[in-house]
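Please look over the sequence and the model below before reading on, and keep both in view while you follow the report.

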Amino acid sequence: MDRQRGHLEKNPQDAVDNLIWIKVVGIGNAGVGKTCLIKHFCESKFSGGYQPTVGVDYGFKIQNVKGHELRVHLWDLSGSPEYIDVRNELYGQTDAIFLVFDVTNQASFESLDTWMKEVNKYSSGIHEIILVANKVDTKSGKRLISTQDAKKWASSHRINLYEASAASGDGVHKLFDEMLHNVLNKRKQAGLLPKAS
Ligand SMILES: Nc1nc2c(ncn2[C@@H]2O[C@H](COP(=O)(O)OP(=O)(O)OP(=O)(O)O)[C@@H](O)[C@H]2O)c(=O)[nH]1
Ligand SMILES: [Mg+2]
């Protein structure tokens, strides 16, 4: 290819250096759909089989939000109680947490208080927390937790509720986009953002 001097608009190293690193953590009971939500956000894919996350999984995605290039680091924590020590090591320096429950699983909703206690105990610093009601694609007869009950819980903890389905993709991009927007706004307010390109 015939490349002239100055052909590249940006020095690749500058582009990498300018990426804003964001750490996102997903929590909630085993089987609520954390891994599937992340997979849908990163790859727009869904598979119906259940493979429990062993301890922790990790992935990243480059995402442009409001003219800023974000390198979003997604930490997918196992919801199984046996991995509490692994999770607790990973809460530090978190920018955003998405707390998930499954609308067809009462126990996953009842565990939300325990998850909030874990977050308050082990994560430090200012971060964005949202509640995700997942699996809203399931038939209405199977849904056990209403939007109203979920909203009530979320507003009592002063956090936003998002309804989503990792299976159909409904609501998935909205929840991640708004979460990342809010993280950026917080950084901006703290004077920690470079100028958008
Ligand atoms: N119908 C439906 N099923 C879903 C949805 N999201 C996930 N599932 C299914 O729920 C099961 C568990 O999903 P995972 O994403 O592996 O759950 P997890 O929260 O990561 O579970 P752990 O890794 O064990 O903590 C799988 O069989 C998925 O196919 C959804 O939105 N709708
Ligand atoms: Mg998982």
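## Leu37 and its contacts

In this predicted model, Leu37 is in contact with Gly26, Val100, Val132, Asn134, Ala164, Ala166 and Val172, once its neighbours within four places in sequence are left aside. Leu37 is also one of the residues that touch the most other members of the largest nonpolar core, a group of 42 residues in which Phe98, Leu99, Val132, Ala164, Leu175 and Leu180 share that description. The elements that give two or more residues to this core are strand 1, helix 2, strand 3, strand 4, helix 5 (112-122), strand 5, helix 6 (147-156) and helix 7. Among these, helix 7 provides the largest share, with seven residues.

## Helix 2 and its surroundings

Helix 2 is mostly covered, since eight of its 10 residues are buried. The buried residues are Lys34, Thr35, Cys36, Leu37, Ile38, Lys39, His40 and Phe41, so a reader can find them on the model by following the helix along residues 34-43. What covers them includes strand 1, strand 2 (56-65), strand 3 (68-77), strand 4 (96-102), strand 5 (128-134) and helix 7 (172-189). Just after the helix, Ser44 takes a positive phi of about 50°.

Which element gives the most to the shell around ligand 1? That element is helix 2, which contributes three residues. In total 22 residues surround the ligand, and the closest are Gly33, Thr35, Tyr50, Thr53 and Gly79. Sorted by class, this shell has seven nonpolar, 12 polar and three charged residues.

## Strands 1, 2 and 3

Strand 3 pairs with two other strands, and the sense of the pairing is stated for each one. With strand 1 the pairing is parallel and runs over seven bridges, and one of the bridge partners in strand 3 is His73, which is matched with Lys23. Strand 2 and strand 3, on the other hand, run antiparallel and are joined by 10 bridges, with Leu77 in strand 3 as the bridge partner of Val56. Strand 2 and strand 3 form a hairpin with two residues between the strands, and in this hairpin Lys66 takes a positive phi near 50°. Strand 3 is mostly covered, as seven of its 10 residues are buried.

## Val25 in strand 1

Val25 has its place in strand 1, which spans residues 20-27. Is Val25 buried or exposed? Val25 is buried, because 26 other C-beta atoms lie within 10 Å, while the cut-off for a buried residue is 20 or more. Not counting residues up to four places away in sequence, Val25 touches Trp75, Leu77, Leu90, Tyr91, Thr94 and Ile97. Val25 and Ile129 are 104 residues apart in sequence, yet their C-alpha atoms are 9.6 Å apart in space.

## The chain as a whole

The chain has seven helices and six strands, and, read along the sequence, they follow the pattern α-β-α-β-β-α-β-α-α-β-α-β-α. Of the 197 residues of the chain, 33% count as buried. Among the contacts in the chain with a separation of 6 or more, 73% are between residues 24 or more positions apart.

How values were computed:
Residues are numbered from 1 along each chain as its sequence is written. Chains are lettered from A and ligands numbered from 1 in the order in which they are written. This is a predicted model: local features need pLDDT of at least 70, side-chain atom pairs count only at pLDDT 80 or more; totals for chains, interfaces and linings use all residues. Helices (H or I, at least four residues) and strands (E, at least two) are DSSP runs, numbered from the N terminus. A residue is buried if 20 or more other C-beta atoms lie within 10 Å of its own, exposed if 12 or fewer, and partly exposed in between; C-beta atoms are placed from the backbone. Two residues are in contact if their C-beta atoms, placed from the backbone, lie within 7 Å. A residue is near a molecule or strand if its C-beta atom, placed from the backbone, lies within 6 Å of it. Ala, Val, Leu, Ile, Met, Phe, Trp, Tyr, Cys and Pro count as nonpolar, Asp, Glu, Lys and Arg as charged, and the others, Gly among them, as polar. A nonpolar core is a set of buried Ala, Val, Leu, Ile, Met, Phe, Trp, Tyr and Cys residues joined through C-beta atoms within 7 Å. Two strands pair if DSSP finds at least two bridges between them.
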